[in-house]
Amino acid sequence: MLKFLYACRKELLLLLRDRAGLAVLFIMPMALIILMSLFQEIGWGTLVMESRIKILFVNNDKDTLGLNIEKGLRSSSYFIIIDSINGKPITKEVARDAVKKGNYLIAVVIPDGVTKSIRTNVRVMVTNTLAGFGMYKQGITNNLSFKQTDTVTILFDPTIRSSFKSAVVSSIKEYTYRIENEMMFGTFNQEIARQFPMYKPPKIDYREALTFREEFPSYRLVEKMPNTVQHNVPAWTIFAMFFIVIPLTGSLIKEREEGSLFRLLSMPVSYAELMLAKCAVYFLVCLLQCALMILSGMYILPLFHIPMLEIGNQFFPILVISISTALAALGFGLMIGTVATTNQQAAAFGSVSIVILGAMGGIWVPIFLMPDIMQQIASYSPLNWALHGFYSIFLRGGGVIHILPQTLKLLLFFVVTVLFSIIYRQIKSPIKK
Amino acid sequence: MSDQIIIRIKELTKIYKGSEEPAINSISLDIYKDEIFGLLGPNGAGKTTTLSILCGLFTPNSGTVSIDGLDTRSHLHEIKQLIGVVPQEVALYPTLTAVENLTFFGNMYNLKGRFLREKIMERLKVFGLERFAKKKVSTYSGGMTRRLNLIAGLLHDPKVVFLDEPTVGIDVQSRIVILNYLQEINKAGTTIIYTSHYMEEAENLCSRVAIMDRGRIISIGNPKELVDEHPEFKNLENLFLALTGKDLRDG
């Protein structure tokens, strides 16, 4: 036991002297959590007031539809409407040129006469409807036809991400459909009054028949609105924990390359004891990383006006998933450190494999956005299992029982990788001749 | 030199996987207590393999090795407590200080506390390193690291010490300090098994030498007596070249 503790002390000293390793383990993930949370909140979230998107607005209609769309966009907290550049009103050509040059990301062009077209089409609909009551002479509707639909043009900078584009188009369509429906009812009312003077049109308040409510089912008694912090903190924490591969493999290989292992194996101490000490220290480092990242989410992110990560009374499930993730990361590092013959091999393979497993696992891009085949492949990534475990806790308010499948997979991964390392070492001597 | 056998090697053979030729081929050897025994040979002769088996790092394909009456197959842990190893490569942690390195290695030999601290400072003083005790090994010169490497292998006062080319690539002053120290501890009762490419060093230091080539011992005895037996060769180096040939060996 004493030799185990002495070996642990040695490992701790070596780690503390490895400043680059410490930066990779602690500073990089904290920076990632803060920056990625900031970027995502700026893109679409609570920092909207300081970063609304500028939209060039060309209203050639200058009538009800155009004016109402303009009013709707101006009242939105997401957009800043710009209708003139250098004091001159914008035309469609000017808007196209500005977006092409990258000066503005979006431009909306309402064509001339679109309100008139809507009114004409509404009249046609009213006449056709009332003709059904036999109120008009035969054949009066034969000469009536719908006017061709006008097109509202939305110009986008090609560099805009498609998810953002879709969100903007949806918002604009929502305004136009609502305004169009209101106009139709209003125009319908006016048209009846025009054709039947005895009809006194009542004031009709347009009300939507359908409303939408967002709910977030979870295991909690009280539902909570999810936020980006609940994804970012666990995602980048897991990524950082698996990056333990770099200093761990470095430590394993340096001992082989520098000859220290030769000396150690000639001493009255078992290789297993030495490895156990190494694993114990790096395991504790992993848990420390996890604790620091969660504390960052709780206390540092709010300093940047980003929602706080709330852990509530879920300390124990967080501890369970953290331990199993740390063990999986350790096993992976042990396996690479055993197989790799040089530091360069281990560093290159270790870092690239973590990035790939992270991408597969949903750290960078949510899994539901991936093609089916990729989603199946993602289910084999230990980072994916860990992320799902944390999601069950932070997003669904789950307990230990709900993270059991992910925990067991991570522990099995640990066992498999350690067994592989032991067997591989038996086959290949670790001593450099 | 005592007549008590401290290391007995009987028909030792080692064949590495994938190799057709044995690295050591049925060698037998007795090493006596208190002697300084030199294991000489060109590259690939089997010296390091022999040393590695004696230290318990490799398992032979056949044959037996006993150290101080203990068989390496059944008492390896006890044997490791008795032996010290000074490998050819400087086997230290460069980012740790001399004291930190020696404290860790001393702990592995069950040395601890004040006894260990005093022992470390005493040894560092003997080798002129006490001023650099708290400096990282990465700041040391080649000679300094070799001296520290030696201290690490001898800190626990082993009965038997294996040294694999301990003076290679160092300055003359460091070499003299090391060789003088080895002679001192040998007089105090430590058996030394020593490999080297420096024939003159082996001739002056060793009580007996074994010349190995292609996994076999081709000559064994006191260096002076070996040279006397072959008066046509003026020194051990010429005898060595005659026995092993002048062709380059690359291991």
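**Notes on the two-chain model**

B:A210 stands opposite B:I220 in β10(B) (pairing of strands needs at least two DSSP bridges between them; strands are DSSP E runs of at least two residues and helices H or I runs of at least four, numbered from the N terminus). Before going on, some housekeeping: this is a predicted model, where local features need pLDDT of at least 70 and side-chain atom pairs count only at pLDDT 80 or more, while totals for chains, interfaces and linings use all residues. Residues are numbered from 1 along each chain as its sequence is written, and chains are lettered from A and ligands numbered from 1 in the order in which they are written.

1. **The hairpin in chain B.** That A210/I220 pair belongs to a ladder of five bridges joining β9(B) to β10(B), which run antiparallel. The two strands make a hairpin with two residues between them. In the turn, B:R214 has a positive phi of about 50°, in case you want to look at the backbone there.

2. **The sheet around it.** Chain B has an open sheet of six strands, ordered β6-β7-β8-β3-β9-β10, with mixed pairing. Its edge strands are β6 (83-86) and β10 (216-221) of chain B, each pairing on one side only. Neighbouring strands are turned by 15° against each other on average, direction ignored. On the parallel side of things, β3 (residues 36-40) of chain B is joined to β9 (residues 208-213) of chain B by four bridges, and B:L40 stands opposite B:I211 in β9(B).

3. **Helices on that sheet.** Helix α1 (residues 47-54) of chain B lies across β3, β7 (160-164), β8 (191-195) and β9 of chain B, at about 150° to β7(B) (angles run from 0 to 180 degrees between N-to-C directions, and axes are lines fitted to C-alpha atoms, for helices over the stretch in contact). Helix α5 (residues 142-154) of chain B lies across β6 and β7 of chain B and runs at about 165° to β6(B).

4. **A helix pair in chain B.** α3(B) and helix α4 (residues 113-126) of chain B pack at about 125°, their axes 10 Å apart. That makes α3(B) oblique to α4(B) (under 35 degrees counts as roughly parallel, over 145 as roughly antiparallel, 65 to 115 as roughly perpendicular and the rest as oblique). Their crossing is right-handed (the near helix is turned clockwise from the far one by less than a right angle; anticlockwise would be left-handed). B:A98, B:V99, B:L102, B:T103 and B:G106 of α3(B) meet B:L116, B:I120 and B:L124 of α4(B) (contact is C-beta atoms, placed from the backbone, within 7 Å). By class that is six nonpolar, two polar and no charged residues (Ala, Val, Leu, Ile, Met, Phe, Trp, Tyr, Cys and Pro count as nonpolar, Asp, Glu, Lys and Arg as charged, and the others, Gly among them, as polar).

5. **Where the chains meet.** The interface puts 21 residues of chain B in contact with 17 residues of chain A. On the chain B side, α2 (76-82) and α3 (98-108) each supply at least two residues, and α3(B) gives the most, with four. The chain B side divides into 13 nonpolar, five polar and three charged residues.

6. **The sheet in chain A.** Here four strands form an open sheet in the order β2-β1-β5-β6, again with mixed pairing. β2 (79-82) and β6 (153-156) of chain A stand at the edges with a single partner strand each, so one side of each is left without a neighbour in the sheet. The twist averages 25° from one strand to the next. Strand β5 (residues 106-110) of chain A and β6(A) pair antiparallel over four bridges, with A:V108 opposite A:I154.

7. **What packs on it.** Helix α3 (residues 64-75) of chain A touches β1 (53-59), β2 and β5 of chain A, its direction making about 170° with that of β1(A). Helix α4 (residues 92-100) of chain A touches β1, β5 and β6 of chain A, at about 165° to β5(A).

8. **Domains and a last helix pair.** Chain A is divided into domain 1 (2-43 + 228-427) and domain 2 (51-195), with bounds from an automatic or database domain assignment. Their C-alpha centres lie 53 Å apart. The axes of α14 (residues 382-394) and α15 (residues 404-427) of chain A come within 9 Å and cross at roughly 150°; the two are therefore roughly antiparallel, and the crossing is left-handed.

Note on methods. Two residues are in contact if their C-beta atoms, placed from the backbone, lie within 7 Å.
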